[in-house]
Amino acid sequence: RGWHRQFRCEETDRIVKMSAVSADRPVRGYIDGCFDIMHSGHYNAIRQAKNICDILVVGIHSDQEIAENKSMPVMRQEERYRLLDHIKWIDEILYDVPYSPEIATLERARADFCIHGDDMPVNSQGFCAYDEMRNAGRLRIIKRTEGVSTTDLIGRLLTLSRNQPSDLGGASPTMGLRMSADEVIEAAAAGDSNAVKLLRESVQQLVAKYHISSQDAAPLQDQIQTLETVLNQKPRDLRDMQDKGDESQSQGQGGYARTQVPVQLLASTRRIREFSSAKQPTSDDCVVYVSGSFDMFHVGHAEFLKDARELGTFLLVGIHDDASISKAKGQNLPVMNLNERVLNVCACKWVDEVIIGAPMSVTEDLVKTWDIHVVAKGSGHKCNAGEPKYDPRFEVPKKSGIFKELPSRWPDLCHDTVVERIIRGREEYLTRNKDRARREDTYYETKKISNSVAEA
């Protein structure tokens with residue numbers, strides 16, 4: 001605690017001195033990262049960084065640089081680079097920056113200091129990636145956003161299951177309950193044979209959809225088959241059976257597919273206020289409305305929102321709730337819960353306002369209430385292939401003549417694309433997550449209010 005107080009005092013004093021020296025010019029800050037599978041933790045770090053400088057320069061690593069220091073990113077280099085163009089709070093972007101920033105990196109960015117969260121990464125040599133910045137007195141620490149991480153998101157997909165229906169999990173999907181495959185089986189065991197049947201069918205669909213190998217799927221399918229057999233016979237202690245199954249499956253997956261600490265994103269009204277633009281449409285505005293799940297927000301979503309915004313002067317985005325998405329697209333979706341998805345969309349600079357839990361269909365009441373002039377929908381996307389051309393959800397705007405289709409600029413990029421990439425590189429991501437999940441567990445286990453860094 002003494003070191004922390006001294007460090008904070010030194011940091012505050014250094015910032016005050018820098019402000020005095022830099023009174024005649026803007027203060028420039030620098031933050032960098034992989035920005036792979038972007039989530040609200042990334043966006044909140046960028047937001048905090050912007051709060052302590054006038055001009056924020058964001059550096060992003062190349063695929064090769066990331067691969068050399070941990071593992072290949074899930075999102076491709078161009079996808080990661082292009083997404084930053086659409087994020088509020090970012091003033092300038094530097095591409096292909098080193099994993100461990102150097103004084104030369106700050107000079108290239110013309111930055112006064114470097115910014116990072118209080119969870120310092122380790123480079124390929126085993127040293128803190130920000131030692132040079134710290135030793136030079138040019139490092140500023142911001143608060144890590146707890147309850148969400150790329151490691152956990154990859155873990156959600158690796159374990160095949162999350163946000164199961166209430167008859168399997170006993171909790172509302174909108175609460176963002178995070179369940180591993182083992183936990184889902186245990187929850188089904190507390191139910192009846194119908195719950196287990198639904199679980200078996202769900203796994204079969206996932207195996208077929210994402211071409212999961214029989215070797216990977218076998219442990220899960222064997223557990224379900226054993227559970228069905230037991231439920232059809234006289235009752236017995238299922239927990240003993242599950243404990244053995246948990247141990248064997250964990251060993252088969254290399255363990256630690258996900259962090260073991262029971263944390264989740266605690267979205268507050270303050271956080272939503274910090275992310276939102278707080279704009280209201282005026283009588284002179286041309287209001288454009290789009291809606292969707294916006295799960296695992298990526299550059300395809302961002303460029304669609306940019307194109308939609310150009311159809312008018314005010315962009316209103318409707319985000320569907322978890323239960324509606326699960327009903328429409330399958331019980332393993334969405335990967336991110338409603339709170340997470342709302343923050344991700346609010347971080348996009350083209351968005352003026354968001355409707356949380358918007359209706360699946362565009363209703364006449366919705367159009368009148370928000371005085372909507374244009375309703376836009378993406379088209380030509382891989383995920384929409386094979387769907388009927390007539391969509392009853394947009395019947396009202398079509399009849400009113402305010403419906404507009406926007407061709408996708410990233411037709412091959414969607415949730416399925418990301419899942420397929422993770423499954424193809426499953427062993428690599430399991431190895432990556434094993435190490436990083438342990439680091440996350442250590443972060444949460446050692447976390448104390450007394451040594452916690454305040455948010456910027």
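Start by selecting K306 and W350: K306 lies over the face of W350, 5.5 Å from the ring centre. A charge counts as sitting over a ring when NZ of Lys or CZ of Arg is within 6 Å of the ring centre and within 35 degrees of the ring normal.

Before you click on, some housekeeping. This is a predicted model, where local features need pLDDT of at least 70 and side-chain atom pairs count only at pLDDT 80 or more, while totals for chains, interfaces and linings use all residues. Residues are numbered from 1 along each chain as its sequence is written, and side-chain values use heavy atoms, with hydrogens and water left out.

Keep K306 selected and add E310. These two form a salt bridge, with the closest N and O atoms 2.9 Å apart; the term covers a side-chain nitrogen of Lys or Arg within 4 Å of a carboxyl oxygen of Asp or Glu. K306 is partly exposed at 26% relative accessibility, whereas E310 is exposed at 56%. For those words, buried is under 20% relative accessible area, exposed is over 50%, and partly exposed is in between (1.4 Å probe, protein chains only).

Next, go to helix α18, residues 395-400. Helices (H or I, at least four residues) and strands (E, at least two) are DSSP runs, numbered from the N terminus. K399 and E395 sit four residues apart here, about one turn of the helix, and they form a salt bridge at 3.1 Å between the closest N and O atoms. K399 is exposed at 68%; E395 is partly exposed at 30%. While you have charges on screen, pick R47, R270, R271 and E274, which salt bridges with shared partners join into one network. The whole structure has 18 salt bridges.

Now swing to helix α4, residues 77-83. E78 and R82 meet there in a salt bridge of 3.3 Å, N to O, and they too are about one helical turn apart. E78 is partly exposed at 42%, and R82 is partly exposed at 29%.

Time for some rings: the structure holds three aromatic pairs. Rings of Phe, Tyr and Trp (its six-membered ring) pair if their centres lie within 6.5 Å; planes under 30 degrees apart are stacked, over 60 edge-to-face, and the rest tilted. Select Y81 and Y95 for a tilted pair, 4.9 Å centre to centre with 45 degrees between the planes. Y81 belongs to helix α4 and Y95 to strand β3 (residues 92-95), 14 residues apart. Y81 is buried at 11%, while Y95 is partly exposed at 33%. Then try F394 and F403, also tilted, at 5.4 Å and 55 degrees. F394 is buried, at 4%. Add K398 to see it over the face of F403, at 5.1 Å from the ring centre.

For the interior, select Y43, V290, F294, F297, L305 and V317, the residues with the most contacts inside the largest nonpolar core, which has 57 residues. Such a core is a set of buried Ala, Val, Leu, Ile, Met, Phe, Trp, Tyr and Cys residues joined through side-chain atoms within 4.5 Å. Apart from this core lies another, of 17 residues, including V97 and C128.

Finish by colouring by pLDDT, the predictor's confidence in each residue from 0 to 100. The chain averages 77, and 64% of the residues score at least 70. Over residues 160-180 pLDDT stays under 50.

Notes: Contact means heavy atoms within 4.5 Å.
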